[in-house]
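Welcome, and thanks for opening the viewer. Please load the structure, switch on side chains, and follow along stop by stop.

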Amino acid sequence: MGLPITQVDAFADRPFAGNPAAVCILPKPCDAEWMQSVAREMNLSETAFLVKREHGYDLRWFTPTVEVDLCGHATLASAHVLWEESHLKPGDPACFHTRSGVLTARKKGTWIEMDFPATPAKPDSISCEDMEAALGTNVRYVGRTRFDYLIEVESEDAVRSLRPELTKIGRWQVRGLIVTSRASSTACDYVSRFFAPAAGVDEDPVTGSAHCCLGPFWKERLGRDNLIGFQASARGGFVHTRCEDDRVFISGQAITVMRGELV
């Protein structure tokens, strides 16, 4: 009997949209080298590994090249699998012990709401000229979070048409680059894209953890909360955010697309 592994499209209400993540529930802890090898084999932006413990699950996330400290879409996928495969009852919260503290998720109808730490951006000393050279577009704001650079550009069209210099971005000492603008349509409040070549992911389709920054940023910019973001990658996905003190509640949908076994 092999070790079950499930592939889930997170921040999606249909297959082949949103951000795919693999979820593997382990019977006992495994060494990091093995988990990294599995993540490299899966070749998705994240593979999540869970181990049952008292009061929840230990949760770790791996890209094809590195272990990361915080991942939204693979946490969403993990919670989805726990409920779908009856490891948890629908009314029970999912509780994850991670490098970023204890994270929880709750079912809200067809949506899943996750309680994450806010990672607000602060102005950074890197010049707008350097950012503009890497992105090929005008920059309004440059900030830095615990993990990433946050860049505000002039329009949704500028976000969608970006063709950044990934080699240059990969040399910066950050996990990735969040690029955002106010939305031009009424379907959402803001749009974004996320590039993380240093973590082995040139462009992440939908990045839940980026919204730990985007939620507070756009709450301040727009003067209201309970916002809808759209990550405008080729696959795309909607992310809902609401902020409370130093926490951001991030909501999305998820759908299973594949089940298999590691032999």
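A polar contact here is a pair of N or O atoms within 3.5 Å, where, within protein, one must be able to donate a hydrogen and the other to accept it. Keep in mind as you go that this is a predicted model.

**First stop: Glu-113**

Select strand E8, residues 111-117, and pick out Glu-113 within that strand. Is Glu-113 buried or exposed? Its relative accessibility is 12%, so Glu-113 counts as buried, the cut-off for that class being under 20%.

Now show the side chains of Lys-108 and Arg-242. The side chain of Glu-113 makes a polar contact with the Lys-108 side chain at 3.3 Å, and another with the side chain of Arg-242 at 3.0 Å. Next, widen the selection to what Glu-113 touches: leaving aside residues up to four places away in sequence, the set includes Thr-104, Ala-105 and Arg-106, as well as Phe-249, Ile-250 and Ser-251.

**Second stop: the cavity**

Rolling a probe the size of a water molecule over the atoms shows where empty space is left. How many cavities of 30 Å³ or more does the structure hold? There is one, with a volume of about 130 Å³.

To centre your view on this cavity, select Glu-46, Arg-175, Phe-194, Asp-204 and Thr-207, which lie nearest its centre among the 17 lining residues. Then colour helix H2 (72-84), strand E13 (190-196) and strand E14 (201-204), the elements that each give two or more residues to the lining. Colouring the lining by class, you will find seven nonpolar, seven polar and three charged residues.

Methods: Residues are numbered from 1 along each chain as its sequence is written. This is a predicted model: local features need pLDDT of at least 70, side-chain atom pairs count only at pLDDT 80 or more; totals for chains, interfaces and linings use all residues. Side-chain values use heavy atoms; hydrogens and water are left out. On a 1 Å grid over the protein atoms alone, a cavity is a set of points where a 1.4 Å probe fits but cannot get out, and a pocket is an open set with protein on both sides within 12 Å along at least five of seven lines; lining residues have an atom within 4 Å of a point. Grid points are joined across faces, edges and corners, and a volume is the space filled by probe spheres set on the points. Helices (H or I, at least four residues) and strands (E, at least two) are DSSP runs, numbered from the N terminus. Ala, Val, Leu, Ile, Met, Phe, Trp, Tyr, Cys and Pro count as nonpolar, Asp, Glu, Lys and Arg as charged, and the others, Gly among them, as polar. Buried means under 20% relative accessible area, exposed over 50%, partly exposed in between (1.4 Å probe, protein chains only). Contact means heavy atoms within 4.5 Å.
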